[in-house]
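This report looks at one loop residue and at one strand, and it asks how each is placed among its neighbours.

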Amino acid sequence: MTANVQDAFVLLGDSLTQYGFEPNGFATRLASAYIRKLDVINRGFSGYNTDWIIPVFEQIFATQHQQQHVPPVRLLTIWFGANDAALPPSAQHVPLERYKANLSKLIRALRSPESPHYSPDTRILLLTPPPVDAARWAECLAGFNGTDVQPPDRSLEATRQYAEGAREVGVQEGVAIVDVWTKVWDAAGRNEKKLGPFFSDGLHLSSKGYTIVYDALVAAIAENYPEHHYDRLQTVFVTFDQIVADPEHYRELTKKRSAFPV
């Protein structure tokens with residue numbers, strides 16, 4: 001077991017986050033950008049909605065008492081909505097107003113001094129769900145289940161409403177917003193029939209889609225939390241050239257330091 005030497009950048013979400021560590025995924029690129037500065041931790045849960053993630057969140061995020069024993073979470077992404085926006089009677093469906101309330105609950109769990117998970121130094125980025133190619137996703141579901149194609153359980157309009165709901169929550173709670181829906185929609189020329197290249201199956205993102213997410217997320221960090229951008233951080237342990245320049249003092253030089261320059 002390794003010692004806790006680096007602070008954390010936690011990615012909380014559904015399958016769009018879980019699959020982010022696939023080749024060319026946004027999480028893979030973040031881990032590379034923040035290498036030796038922050039540990040990028042993927043807490044993506046495929047299939048989950050905001051109802052189901054709350055009890056998980058309460059277990060995977062340290063309480064105030066526990067925080068003194070674990071690395072602080074410096075950055076946190078919250079990315080839900082793709083499953084909440086499933087059409088009734090899907091078990092994944094969460095009504096829009098409850099979805100918004102759940103997002104606020106997650107944010108306030110870290111920002112309210114009365115919360116057992118209060119973490120005032122954590123910077124939060126709220127991502128909207130992307131659009132969906134509903135017809136293609138319905139075809140993929142039929143292939144997964146070995147059945148005839150059924151009416152889609154997602155719709156472009158529903159995901160648009162949930163993306164707007166996430167934006168509203170971000171403004172209300174005063175956190176950085178990463179508008180994935182609009183970024184992908186604009187990249188597709190605002191044409192549903194041109195969404196294909198950005199998705200692997202109509203619901204989950206392709207490498208091209210994840211590139212949009214990564215670029216938008218890094219831009220949001222630079223704009224809202226510039227001191228947390230990877231270019232502004234230093235490696236926790238010095239680079240080898242500093243040791244080569246003064247090898248006699250390597251033990252002193254290799255002591256752990258904060259990624260955040262004083």
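Which residues does Asn49 touch, not counting residues up to four places away in sequence? In this predicted model, Asn49 touches Phe80, Asn83, Asp84, Ala91, Gln92 and Val94 once residues up to four places away in sequence are set aside. Asn49 itself belongs to the loop between β2 (38-44) and α3 (50-60), and because its relative accessibility is 1%, under the 20% cut-off, it counts as buried. The side chain of Asn49 also reaches backbone atoms of two residues, Asp51 and Gln92, as set out below.

| Side chain | Backbone atom reached | Distance |
|---|---|---|
| Asn49 | nitrogen of Asp51 | 3.0 Å |
| Asn49 | oxygen of Gln92 | 3.0 Å |

Gln92 therefore appears both in the list of residues that Asn49 touches and, through its backbone oxygen, as a polar contact of the Asn49 side chain, the pair lying within 3.5 Å.

The second topic is strand β1, which spans residues 7-13 and is mostly covered, with seven of its seven residues buried. Asp7, Phe9, Leu11 and Gly13 point one way from β1, whereas Ala8, Val10 and Leu12 point the other way, and all of these residues are buried.

Strand β1 pairs with β2 in the parallel sense over seven bridges, and within this pairing Ala8 stands opposite Asp39 of β2. Strand β1 also pairs in the parallel sense with β3, residues 73-79, over six bridges, where the bridge partner of Leu11 is Thr77.

Notes:
Residues numbered from 1 in each chain as written. Predicted model: local features only at pLDDT ≥ 70, side-chain atom pairs only at ≥ 80, totals over all residues. Heavy atoms only, no water. Helix = DSSP H or I, 4+ residues; strand = E, 2+ residues; numbered from the N terminus. Buried < 20%, exposed > 50% of the residue type's maximum accessible area, 1.4 Å probe, protein only. Polar contact = N/O pair within 3.5 Å; in protein donor to acceptor, adjacent residues only side chain to side chain. Contact = heavy atoms within 4.5 Å. Pairing = 2+ DSSP bridges.
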